[in-house]
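Visitor: I am new to this structure. Please take one part and look at it closely with me. I would like to see how the strands are arranged.

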Amino acid sequence: MAYVGSWIRDAVEHGVLEVDVSINTGLGVSMLCELLTSKTLVKLRLGTQVYGELPSHVLLPSLKILIIETIFFESKDLSDVLVAGCPVLEELFVRHEEMEAHPYYISSRTIKKLSVQYSGREDYESGLSLDAPSLVSFDYSDHALYEYTPVNFGSLVEARLDIRYSKEVDKPDISGLMIGISNIETLHLSPASADVSFATSLSI
C-alpha cells in the first residue's frame with residue numbers, strides 16, 4: 001500500500017482542495033499523516049475501515065467539510081484530535097456501519113451542520129455526548145441509547161431524528177437529547193422516533 005502514501009503526498013504538495021480516501025483493507029491512519037496537515041484542503045472524506053491512532057499533530061486550517069465513514073478512532077480522537085485540528089470546520093458527517101467503535105463523543109465549537117448516521121451498533125451502553133454550540137442543522141439516525149449527556153446545541157434551528165428501538169436496550173432514555181434540541185424552530189421526526197420520544201416523555 002506504499003503507493004497510496006505516495007499519491008497522498010503528491011496531492012498535498014500540489015495544493016489539493018478536495019480528497020476522497022475510501023479503502024477497505026484496514027489501512028492504518030498513520031499513512032494519512034501528511035494529508036492531515038494539508039494547508040489547502042477544503043473538503044475531506046475518509047473511509048472505510050481505517051484503524052489506528054491519529055498522529056499527535058493534526059492541522060487542517062482550510063478544511064470546511066469533513067466526512068467520516070466507519071473510522072475506528074481511539075477514545076475521543078475524533079473530536080479531541082481530528083476535529084480540534086480543523087479551526088474553520090463548518091460541516092461534519094459521521095457514518096459508522098460496523099458493530100463496534102462508534103464515536104460516542106462529538107464536539108466542535110465551529111460546525112454548523114452535523115450528520116450522525118449509525119447502524120450495526122453493539123456498544124449501546126456508551127451513550128452519546130454532543131457539544132456543538134454553533135450548530136444550526138442536525139441529522140441523527142441511530143438506535144435509542146441509554147443516555148445522551150451532555151447535549152449542547154445553543155444555536156440549533158433544525159433537526160431530523162430517526163431513532164429506533166433496539167432489543168439490546170431495555171429502557172432507552174433520549175430525554176437529554178430532546179432537552180438539547182428543545183429550542184429549535186423545525187423538528188422532523190420519523191415514526192419510530194416519535195414512538196421513542198413519546199415513551200421517554202411518559203417516563204420523565
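Guide: Start with confidence. pLDDT is the predictor's confidence in each residue, from 0 to 100. This is a predicted model. The mean pLDDT of the protein is 85. Of its residues, 84% reach 70 or more. Among the elements, strand 6 (residues 113–118) has the highest mean, 96. Helix 4 (residues 191–203) has the lowest, 74.

Now the strands. Strand 6 belongs to an open sheet of eight strands. Their order is 1-2-3-4-6-8-10-11, and they pair in parallel. Which strands stand at the edges? They are strand 1 (18–22) and strand 11 (186–189). Each has a single partner strand, so one side of each is left without a neighbour in the sheet. Neighbouring strands here are turned by 10 degrees against each other on average, direction ignored.

Go to the end of that order with strand 11. Strand 10 (residues 158–164) runs parallel to strand 11, and four bridges join the two. Two pairs can be picked out. Arg160 stands opposite His188 of strand 11. Ala159 has Leu187 of strand 11 as its bridge partner. How does the chain get from strand 10 to strand 11? It passes through helix 3 (residues 175–180), and this β-α-β crossover is right-handed.

There is another open sheet, made of three strands. Its order is 5-7-9, with parallel pairing. Strand 5 (105–107) and strand 9 (148–152) are at its edges. Each of these has a single partner strand, so one side of each lacks a neighbour in the sheet. Neighbouring strands of this sheet are turned by 5 degrees against each other on average, again with direction ignored. Strand 7 (residues 128–131) pairs with strand 9 in the parallel sense, over three bridges. Leu130 faces Val151 of strand 9 there.

Finish with the packing. The largest nonpolar core has 51 residues. Those with the most contacts inside it are Leu44, Phe138, Tyr140 and Leu177. Take Phe138. What does it touch, leaving aside its neighbours within four places in sequence? Its contacts include Leu130, the residue opposite Val151. They also include Ala159 and Arg160, whose partners in strand 11 are Leu187 and His188. Leu177 is in contact with Phe138 too. Leu114, Val116, Phe153, Leu156, Glu158 and Leu161 are also among the contacts of Phe138.

Conventions: Residues numbered from 1 in each chain as written. Predicted model: local features only at pLDDT ≥ 70, side-chain atom pairs only at ≥ 80, totals over all residues. Heavy atoms only, no water. Pairing = 2+ DSSP bridges. Axes fitted to C-alpha atoms, helices over the stretch in contact; angles between N-to-C directions. Right-handed = clockwise from strand over helix to strand, strands pointing away. Core = buried A, V, L, I, M, F, W, Y, C linked by side-chain atoms within 4.5 Å. Buried < 20%, exposed > 50% of the residue type's maximum accessible area, 1.4 Å probe, protein only. Contact = heavy atoms within 4.5 Å.
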